[in-house]
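Reader: I would like a close look at one part of this model, the metal site, followed by whatever can be said with care about the strands that come before it in the chain. Please take me through it slowly.

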Amino acid sequence: MIMAKDKLIGVDLGGTTIKFAILTDKGEVQQKWSIQTNILEDGKHIVPDIIDSINHHLNIYQLSRERIIGIGMGTPGTVDRVAGAVKGGYNLGWANEQDVKGPIEDGTGFPLTIDNDANVAALGEAWKGAGNNDDDVSFITLGTGVGGGLVANGQLIHGVAGAGGEVGHIIVEPNGYECTCGNNGCLEQYASATGVVHLAQDFAEQYVGDSKLKKMINDGDEVTSKIIFDLAKEGDYLANETVDKLAYYLGFAAAAISNILNPSAIVIGGGVAAAGEFLRSRVEKNWQIFAFPTVRTSTKVKLAELGNDAGVIGAASLAK
Ligand SMILES: [Zn+2]
């Protein structure tokens, strides 16, 4: 008996954990699991661990291998999608270019499609999250860095060298904070977890009024983006000034993206976006100022909906 192929496998490779999921071809998650990422010995165990974990779990779930359409995978670093290789996966211990596609296809017997982790998270949100399966969805993720992915006409934008969709390096403040990329004033330097803290520290120097945040900074206490948002919600003046400035930069960058692509939604996700509606509404207010009139009435500023599952779901969609 020949069984229909109706299952996708998604793999979200990160520096600390590797997340896996088995989904239906409609994107319903049926099984999820994760393993630790073993970055020892230049990350040479990572690919074999992925192969073993997939084979092992197909046995546990007694899922016929004939039903698997393929594997999709998101990874840090720069991805050669045709060769299926990853460059610059430094947080995986991969100092040199790492072949991923060949060994995983050989080890599992399934075809593998691979892309950058921020891109697959964008695909996940576009398919099953805030994007409502629309063909035009833009995604910005705020974490230790600022990443993103742009889906236009149902396709991810990669550009000629894979740098398309690097929304964290939109310059929002000419001659602003120095960025790891070598430019100055990139969004990442203001809207990442450390960027928000940097902003707060600079504001604290100029502010002479009463503020718990200012006192914490002056006392040398550890300040995180979460503390800044929590204090802002409590009404702390300096914390609110910081969040307002962050929302200004994000609104500016989100409008720039929206004005080019006119997506149905520009979706904001990642750890810093855990502040939720408190942040979204402020970003939207600034976005409205900079958005082109037709864009203002047709594009929506939304919060991500899938959380940590965006990666495996989007990765699985690559295999469709
Ligand atoms: Zn930059």
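Author: In this predicted model, the zinc ion is held by four protein donors, namely His-169 through ND1 and Cys-179, Cys-181 and Cys-186 through SG, at 2.0 to 2.3 Å from the metal. The angles among the 4 donor atoms run from 107 to 117°, and the site is tetrahedral; for comparison, the ideal angle for four tetrahedral donors is 109.5 degrees. Along the chain these donors are spaced as H-x9-C-x1-C-x4-C. His-169 and Cys-179, 10 residues apart, both belong to the loop between strand E11 (155-156) and helix H5 (188-191). Their surroundings can be told apart by accessibility: His-169 counts as partly exposed because its relative accessibility is 27%, whereas Cys-179, at 5%, counts as buried.

The strand E11 that borders this loop is joined to E10 by 2 bridges, with the two strands running antiparallel, and within this pairing Val-151 has Leu-156 of E11 as its bridge partner. The hairpin of E10 and E11 leaves 2 residues between the strands, and Asn-153 there adopts a positive phi near 55°. E10 itself, residues 146-152, is mostly covered, with 7 of its 7 residues buried. In a regular strand, side chains alternate between the two faces of the sheet. Here both faces are covered, with Val-146, Gly-148, Leu-150 and Ala-152 buried on one side and Gly-147, Gly-149 and Val-151 buried on the other. E10 also pairs with strand E9 (residues 137-142) in the antiparallel sense, over 6 bridges, where Thr-141 has Gly-147 of E10 as its partner, and a hairpin of 3 residues connects E9 to E10.

Definitions and conventions
Residues numbered from 1 in each chain as written. Predicted model: local features only at pLDDT ≥ 70, side-chain atom pairs only at ≥ 80, totals over all residues. Heavy atoms only, no water. Donors = N, O, S within 2.8 Å, 3.2 Å for Na, K, Ca; no water. Tetrahedral: all angles 85-135°; square planar, octahedral: opposite > 155°, others 65-115°. Helix = DSSP H or I, 4+ residues; strand = E, 2+ residues; numbered from the N terminus. Buried < 20%, exposed > 50% of the residue type's maximum accessible area, 1.4 Å probe, protein only. Pairing = 2+ DSSP bridges.
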